[in-house]
Amino acid sequence: MRTRPLPRRPSVRLTGLGFGAAQAGNLYRATTDEEFAAAVDTAWAGGLRYFDTAPHYGLGLSERRIGAALRTRPRDEYVVSTKVGRLLVPSPRDAHRRDPEGFDVPADHRRVWDFSRDGVLRSLESSLARTGLDRVDVVYLHDPDDHWEQAAAEAVPALVELRDQGVVGAIGAGMNQSHLLTRFVEETDVDVVMCAGRYTLLEQGALADLLPAAERRGVGVVVAGVYNSGLLSQDRPPADATYNYQQAPPELIDRAHRIADVCQAYGVTLPQAALAFVRSHPAVVSTVVGLRNRAQVTQTLTRADADVPAALWPALRDVGLLTPAAA
């Protein structure tokens with residue numbers, strides 16, 4: 001599979017398609033160890049070499065599973081990213097409950113926001129212990145939406161120090177918005193950002209701020225949430241489709257159907273077009289898709305290989321379904 005280097009850190013190369021491991025943390029429902037191991041095996045056979053995880057995903061379960069799945073593979077052949085900003089603190093009195101943040105795991109830990117230097121170092125140390133890997137290659141600040149001051153003043157310098165020491169290969173931030181990511185790109189020394197849901201076939205808000213800034217500054221962009229948390233994941237979105245992890249409003253479901261109509265006229269499906277669209281922007285170095293099992297990996301690889309006609313994008317622009325600046 002094609003890889004692209006991070007412009008500022010060319011030694012870190014990401015495959016064009018990345019493996020998002022939130023489902024490894026039992027997002028919404030349980031995933032077995034066997035299902036996840038088979039998913040990684042299939043992804044590896046298909047050429048995927050970029051794997052993204054976080055302590056938040058299943059209160060550490062995703063990191064443990066990623067480590068178990070990759071530990072025996074040649075370390076220089078894959079890239080792992082994880083995140084800092086949420087420390088996992090033991091909470092044994094709640095172990096009989098289920099995690100309240102959408103993961104089907106016992107609530108035996110609680111998440112504590114911490115973007116201090118000490119919090120960053122403790123978080124990364126814990127991630128290395130959970131994965132059992134000798135290093136992680138990319139570290140993102142995870143959802144620092146309400147913590148800009150501490151993240152910019154303490155967390156980023158701590159990550160810069162780790163990068164300069166060679167402990168990590170590249171640093172950045174991951175969020176579900178583009179505005180604050182743009183500030184990180186313009187005002188701090190990050191190498192890469194992960195933007196979830198704000199640059200998709202359905203909406204292109206990041207074209208107004210993040211993507212131009214990233215191009216100017218030589219910062220790589222990893223696009224996540226390419227299906228807008230479900231709305232673009234099927235050939236035709238159902239009435240109960242989700243958007244931003246909630247029930248999609250009728251007007252967005254209608255818009256997705258109108259996009260699907262144009263896609264169908266050009267011989268491609270809505271998910272195929274959704275993947276191809278975001279990957280065509282020059283600032284985008286990888287697209288991370290959440291994957292749970294062998295079938296999902298196979299389906300995603302097939303979608304990513306689809307031949308999407310370039311004429312589709314102007315056709316969508318002509319009927320007002322893409323912003324004029326879009327590809």
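Seven residues of helix H1 are buried: Phe36, Ala38, Ala39, Val40, Thr42, Ala43 and Trp44. Welcome to a short tour of this predicted model, which starts at that helix and moves on to two buried loop residues and two pockets. The largest pocket holds about 1300 Å³ of space, and Gln23, a loop residue, is among the residues nearest its centre.

**Helix H1 and its surroundings**

- H1 runs over residues 33-45, and its 13 residues reach 18 Å from the first C-alpha to the last, close to the 18 Å expected at 1.5 Å a residue.
- The buried residues of H1 pack against two strands, E3 (17-20) and E4 (50-52), and against two helices, H2 (61-70) and H9 (294-304).
- Just after H1 comes Gly47, with a positive phi of about 100 degrees.

**Gln23, in the loop before H1**

- Gln23 sits in the loop between E3 and H1.
- With a relative accessible area of 14%, Gln23 falls under the 20% cut-off and so counts as buried.
- Setting aside neighbours within four places in sequence, the contacts of Gln23 are Thr31, Gly290, Leu291 and Arg292.

**Thr188, in the loop after H5**

- Thr188 belongs to the loop that links helix H5 (179-187) and strand E10 (192-196).
- Thr188 is buried too, at a relative accessible area of 9%.
- Beyond its neighbours within four places in sequence, Thr188 touches Trp148, Ala152, Val156, Arg183 and Arg217.
- The Thr188 side chain also reaches the backbone oxygen of Phe184, at 2.6 Å.
- From C-alpha to C-alpha, Thr188 and Met1 are 31 Å apart in space, and 187 residues separate them in sequence.

**The largest pocket**

- Its lining is made up of 42 residues, and Gln23, Leu27, Tyr28, Ser229 and Tyr245 lie nearest the centre.
- Strands E9 (170-175), E10 and E14 (284-290) each give at least two residues to this lining, as does H9.
- H9 makes the largest contribution, with four residues; this is also one of the helices against which the buried residues of H1 pack.
- By residue type, the lining of the largest pocket has 17 nonpolar, 16 polar and nine charged members.

**The second largest pocket**

- About 280 Å³ of space lies in the second largest pocket.
- Of the 21 residues lining the second largest pocket, those nearest its centre are Ser11, Arg13, Asp76, Tyr78 and Val79.
- Strand E2 (residues 9-15) provides the largest share of that lining, five residues.
- The lining of the second largest pocket splits into eight nonpolar, six polar and seven charged residues.

Note on methods
Residues numbered from 1 in each chain as written. Predicted model: local features only at pLDDT ≥ 70, side-chain atom pairs only at ≥ 80, totals over all residues. Heavy atoms only, no water. Expected span 1.5 Å × (residues − 1). Buried < 20%, exposed > 50% of the residue type's maximum accessible area, 1.4 Å probe, protein only. Contact = heavy atoms within 4.5 Å. Polar contact = N/O pair within 3.5 Å; in protein donor to acceptor, adjacent residues only side chain to side chain. 1 Å grid on protein atoms, 1.4 Å probe; cavity = no way out; pocket = protein on both sides within 12 Å on 5 of 7 lines; lining within 4 Å. Points joined across faces, edges and corners; volume = space filled by probe spheres on them. Nonpolar A, V, L, I, M, F, W, Y, C, P; charged D, E, K, R; others polar.
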